[in-house]
Structure formats: structure tokens, C-alpha cells
Amino acid sequence: MSAVAEEVRPALVVAPPGFMSDPALAAVLRALPRARLVGGAVRDTLAGLPVADVDLAVPEPPEQVVAALAAAGLKHAPTGLQHGTVTAISDHRGFEVTTLRRDVATDGRHAEVAWTDDWREDAARRDFSLNAMSMRPDGAVFDYFGGIADLHAGRVRFVGVPAARIAEDYLRVLRYFRFQARYGRVPPDQATRSALAEAVPGLGRLSVERVWSELKRILAVPDPVAAVALMQALGVLQAVLPGETDVTSLGRLVEAGGPADALLRLYVLHRPGLAAVTALAAHYKLSVAEAQVLEGLAGPAPDPAWTDDDLRRALAETPGEVLAPRAWVAEANRPGPAWAALRARIAAMPRPRFPLLGRDVVALGHSGPEVGRRLAAVRAWWMAGGCVVDARACRTWLANLA
């Protein structure tokens, strides 16, 4: 162990966060007594936010981590040994444990690393000061680059020279905007702005999967509008979202209280239309489910002036969980007080179900294509009447159909 790592005093001591009492986590920490919490677990603990993931770092190399876990009766999974990461499995749950590292070489996408036992050296390779803190299980926080002050000030600041840190991994451009959207309350300084803008050509070196992963997280924060507007001003948005964008409509959606749904916000921001949805989904290699959500948003919007009959007809064709987001899209383009009432009506109205099946037509002696033709005719009559006619009336109309 280096003298540097031993002599540094904690910058702050807080009450251990509640999740530290988790028996599964405690078992891992007993096996790795020099482990510290790192990254988001420390940042969000200090920010008073819920902690989603608990990641640990240790000064021991991976093979010693594996041996210590085995000696404690814990299983492990070698999830990223080339990067020094082992997943400790405790009570059927996984906790990522990463050996302290220093960068040997980087190419803008990947880094070659070497192990170290120096906590400051490991913190120096992290992207932002608010992500470079570590915490012992007793609540002692180590802050080598002013992360505590930056977090309290709402300042997202690169560790070191912004341009140099971005050149190590161009994904840090998008990560900057994600953290700015979530934690930032002050704009970036000129050096950071310049570094972000100058790095735009490097974004083309990133895989679309990595780009979409970050863009999705940016759009899912409670209010991404200021960060997205900054992306646009610096040319970043145009690089990752080709075509026209409409930050104003995104702002109206957020102001109206629209859900923090990344796909809904992507659609409002980009407004691709039905013809371009397929291309957008292909560009980002979206999952089938994600592509279907975008396709649903591209359909005809509901109208606040609809009667109940109109609304039932729409619900007979399209479920409410698709119609309601379309209403948010429409409100982002044409704001007004009537949309909330329309969404309430959509939520309250049961979805009508056409009461006949093909067998009802077959029972009258019809077969082949005639079954589908007659069933469609009855359904059209049922729809025209507002989708309220019951099965008996539908059968009577069917029987009288020429």
C-alpha cells in the first residue's frame, strides 16, 4: 500500500447510509475490509437522493478479491476482469467490485489500465469531481478533487483539463450533459464549453448503442430542457440526433407535466412522423418494444373536442396507453388546458370490445371470405353507433344483413 493512500484524511464524515445495513452488502464488506463505496452511491448519498447501484472499489488486484470472496463463502462472476471488475454475489444479488486503476493508454473509446493501490490515482481517472469521491463503510468520505463543493454548488466539473479528459473517451461529452441535466445548477465555464464543442467530431467514433444509452438517460431526468438546449447550442444535439429538432416543444411538454419518458420526449424533440420512425429506430438500433412505442406515438392524435362516442371509437382501435401519450405529443405542439381533461377521460373510459366473433357469422351458414366481410360490416355499424350496442343487437343486425 502506498503512503499516499494511507495518509489522506477524510474530507467529511457522515452517518453511514441506510443501505449499508443490508446483510448482503455487509457480507461483501466483511470479506473485503478495505473496500469503499465509489461513484454514484457516494454522490447520491451526499445529495440526499435514492441510491440505485452500490459499486465498490478495492486496492487489491482481482485475483486477491476472488480469493477473499471464496474464503468468505461468497460466489463471484468475472464480469470485467480486463478492467479489474468482479461481481461479488451475496444472497443471490450482485455487487460490482473494481480494483483501483490508472490509465496507461486511451484512444477516445477504450482505455488500457493498470492496477494501483492509490485511491487518489484511481479518482483522477474518473470523469467528474462529483463522481470521484469514495466512502468507507463508517461514513468517512474521501474527496480528492472538490466533488463535495461542486455537488453542493450544482457544478459539473471535469477532473483535470476538460479537453484532455474528453479525448480519453468521447462518451464523456454526453455524460457531461446527463449529469448537468440532473445535478447542474450553474452553466459550464468557457473551457468546458469549448472542449465540448470541439469534441463534436469525435462523437462519430462512438457506437450508436452507447450514444442512445446516454441520450435516453439525459431525456429521462426530471427536467432535461436546459441541458438539451445547451447541447443544441454547442452542436452536440445535431451530431447525435440528425434532422430537425424542437427544443421549444420539449420544454412545453415538461412544463405541462408530461411524463419523464425518454421515448416520448425523443419523439417530441425530433418529431419524426410516421414515415421517419422506422429510420430513427434503425439509426439507434432500438429494441422492437422501443420501436413500437415510437410507432404508436406517430399515429393520429386524439382531440379534446371529441364526444364520448368519438372517444369510444378511438379506444376500440387504439388502447388508452397509446392514445394518452399521443395527447401529450399534441399538447407539446398546441398547449392548452383541455388536454388534461381529455387524458382523464381516456383513463376513465373502459376500452370497448366488439362483441361478435367469426363463429357468430358461421352459425348463420356463411363461410369463407364471406365471414370476414359480414363481420367487418357489423363492426362498422357498431363503431358508427359509438361502440355501445351489445352482442344481441349486433347478432340481430347481422341476421338482417343482405
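Arg343 is part of helix α19, which covers residues 338-348. In this predicted model, Arg343 has a relative accessibility of 12%, and because buried means under 20%, Arg343 counts as buried. Leaving out residues up to four places away in sequence, Arg343 touches Ala324, Ala327, Trp328 and Glu331. The C-alpha atom of Arg343 is separated by 16 Å from that of Val254, and the two residues are 89 apart along the chain.

Val254 leads to another helix, α13, which runs over residues 247-255. Which residues of α13 are buried? They are Val247, Ser249, Leu250, Gly251, Leu253 and Val254. An α-helix has 3.6 residues a turn, so residues three or four places apart point the same way. The cover over the buried residues of α13 includes helices α11 (225-233), α12 (236-240), α14 (262-270) and α18 (320-333).

Both ends of α13 have a local feature to note. At the N-terminal end, Asp246 acts as a cap, with a side-chain oxygen 3.3 Å from the backbone nitrogen of Thr248. Just after the helix, Gly257 takes a positive phi of about 90°.

Another aspartate, Asp22, lies in the loop between β1 (12-13) and α2 (23-31). Its relative accessible area is 18%, so Asp22 falls under the 20% cut-off and is buried. A polar atom of the Asp22 side chain lies 3.0 Å from the backbone nitrogen of Ala24. Apart from neighbours within four places in sequence, Asp22 is in contact with Arg93 and Phe95.

Most residues other than glycine have a negative phi. Lys285 is not a glycine, yet has a positive phi of about 55°. Cys387, also a residue other than glycine, has a positive phi near 65°. Lys285 sits in the loop between α15 (273-284) and α16 (288-297), while Cys387 sits in the loop between α21 (369-384) and α22 (391-399). Is each of these loop residues buried or exposed? Lys285 is exposed, with a relative accessible area of 54%, whereas Cys387 is buried, at 8%.

The relative accessible areas of the four residues discussed individually are set out below.

| Residue | Relative accessible area | State |
|---|---|---|
| Asp22 | 18% | buried |
| Lys285 | 54% | exposed |
| Arg343 | 12% | buried |
| Cys387 | 8% | buried |

These residues belong to a protein chain with 22 helices and ten strands. Its radius of gyration is 28 Å, well over the 21 Å that the globule rule gives for 402 residues, so the chain is more spread out than a compact globule. The C-alpha trace spans about 95 × 50 × 35 Å along its principal axes.

Of the 402 residues in the protein chain, 47% are buried. Among contacts between residues at least 6 apart in sequence, 65% join residues at least 24 apart. The accessible surface of the chain comes to about 18800 Å², and carbon and sulfur atoms account for 55% of that area. As for charge, the chain has 45 positive and 44 negative side chains, and the centres of these two sets lie 5 Å apart.

Key: Residues numbered from 1 in each chain as written. Predicted model: local features only at pLDDT ≥ 70, side-chain atom pairs only at ≥ 80, totals over all residues. Heavy atoms only, no water. Helix = DSSP H or I, 4+ residues; strand = E, 2+ residues; numbered from the N terminus. Rg over C-alpha atoms; globule rule 2.2 N^0.38 Å. Buried < 20%, exposed > 50% of the residue type's maximum accessible area, 1.4 Å probe, protein only. Contact = heavy atoms within 4.5 Å. Areas by Shrake-Rupley, 256 points an atom, 1.4 Å probe, with all protein chains shown as cover. Lys, Arg positive; Asp, Glu negative; His and termini not counted. Charge placed at Lys NZ, Arg CZ, Asp CG, Glu CD. Polar contact = N/O pair within 3.5 Å; in protein donor to acceptor, adjacent residues only side chain to side chain.
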